[in-house]
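Let's take a walk through this one together. Have the model open in your viewer and follow along.

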Amino acid sequence: MSYVFNPAPTVSVPVVGKTERFPVHRVYCVGRNYEEHAKEMGFTGREPPFFFLKPADAIVVVNPGETGSIPYPSLTKNFHHEIELVVAIGTGGKNIKAADAHKHIYGYAVGLDMTRRDLQGEMKKQGRPWCIGKAFDHSAPIGPITPTAQAGDVVNAELYVQVNGADRQRSNVSKLIWNIGETIEHLSAAWELQPGDLIYTGTPEGVAAVVAGDVMVGAVAGLGELRVKVN
Ligand code: MN
């Protein structure tokens with residue numbers, strides 16, 4: 001096989017305790033999946049889950065113990081952090097029932113769904129796609145993937161993000177409106193999941209802006225810390 005130019009390299013994320021890496025297929029994200037965050041965005045109630053995607057090459061891998069770096073993106077004056085539990089799919093499938101979802105999960109990671117909030121808001125107002133607000137370059141920092149057997153009680157894990165040492169978001173995965181199994185059930189009814197898919201499961205309340213020079217430290221209990229500096 002030859003190409004007219006070199007294909008882009010496969011995006012991959014390190015796996016805790018392994019030398020082999022997790023090759024990324026797609027990056028799915030769940031919108032408004034914590035009640036207090038839905039409220040701060042102007043919505044109430046338990047609406048059916050909805051999804052958007054980021055390109056796989058929006059992933060920014062941050063190795064344990066390191067501080068990753070992302071550029072302050074173009075076109076925005078309101079660049080927001082969203083700390084999220086990320087589910088890594090190891091076995092694909094469609095129409096997966098919530099009760100069977102655990103069989104498809106390879107592991108979990110800490111992620112940041114970085115958002116150009118002003119552009120997202122403008123697109124919402126105009127009824128246009130969110131891509132420019134959500135799916136831009138370097139918008140998906142992620143830490144290493146912890147395999148399920150070593151991940152502990154993820155469904156009851158505290159998650160938080162601090163900016164320059166001060167709390168911004170602090171909640172618990174147990175407060176997800178649509179839990180991990182239900183999210184996979186809904187998602188796999190719309191798309192056939194593939195090994196390598198990542199699911200950013202949604203963010204709790206407290207989303208706010210960062211500026212150049214800020215250091216974000218996010219975590220999900222049992223999955224380690226994710227440190228990212230905005231440049
Ligand atoms: Mn999000």
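Glu84 counts as buried because its relative accessibility is 0%, and bear in mind that this comes from a predicted model. Glu82 sits at 4%, so it falls under the 20% cut-off and is buried too. Both residues have a job to share in the geometry here: the manganese ion is coordinated by Glu82 (OE), Glu84 (OE) and Asp113 (OD), at 2.0 to 2.1 Å. If you want to spot the donors in the sequence, look for the spacing E-x1-E-x28-D.

Two of those donors turn up again when you look at charge pairing. Lys54, Glu82, Asp113, Arg117 and Lys134 are linked in a network of salt bridges. Lys134 is also a handy pointer to the next stop, since it is among the residues that glutamine 120 touches.

Glutamine 120 belongs to helix α2, which spans residues 117-126. Is it buried or exposed? Its relative accessibility is just 2%, so glutamine 120 counts as buried. Leaving aside residues up to four places away in sequence, glutamine 120 has Met41, Thr115, Trp130, Gly133 and Lys134 as its contacts.

Stay on helix α2 for a moment, and you'll find a salt bridge between the side chains of glutamate 122 and lysine 125, at 3.4 Å from N to O. These two are three residues apart in the helix, about one turn. Glutamate 122 is partly exposed because its relative accessibility is 32%, whereas lysine 125, with 67%, is exposed.

Helix α1 (residues 35-40) has pairs of this kind as well. Lysine 39 meets glutamate 36 in a salt bridge at 3.3 Å, N to O, and the side chain of glutamate 35 in another at 3.8 Å. Within the helix, glutamate 36 is three residues from lysine 39 and glutamate 35 is four residues from lysine 39; either way, that's about one turn. As for accessibility, lysine 39 is partly exposed at 41%, as are glutamate 35 at 44% and glutamate 36 at 38%. Across the model, the salt bridge count comes to 11.

Last stop: a hairpin. Strands β13 (residues 158-163) and β14 (residues 166-172) run antiparallel and are joined by six bridges. Valine 163 stands opposite alanine 166 in β14. There are two residues between the strands, and asparagine 164 in this hairpin takes a positive phi near 50°.

How values were computed:
Residues numbered from 1 in each chain as written. Predicted model: local features only at pLDDT ≥ 70, side-chain atom pairs only at ≥ 80, totals over all residues. Heavy atoms only, no water. Donors = N, O, S within 2.8 Å, 3.2 Å for Na, K, Ca; no water. Buried < 20%, exposed > 50% of the residue type's maximum accessible area, 1.4 Å probe, protein only. Contact = heavy atoms within 4.5 Å. Pairing = 2+ DSSP bridges. Salt bridge = Lys/Arg side-chain N within 4 Å of Asp/Glu carboxyl O.
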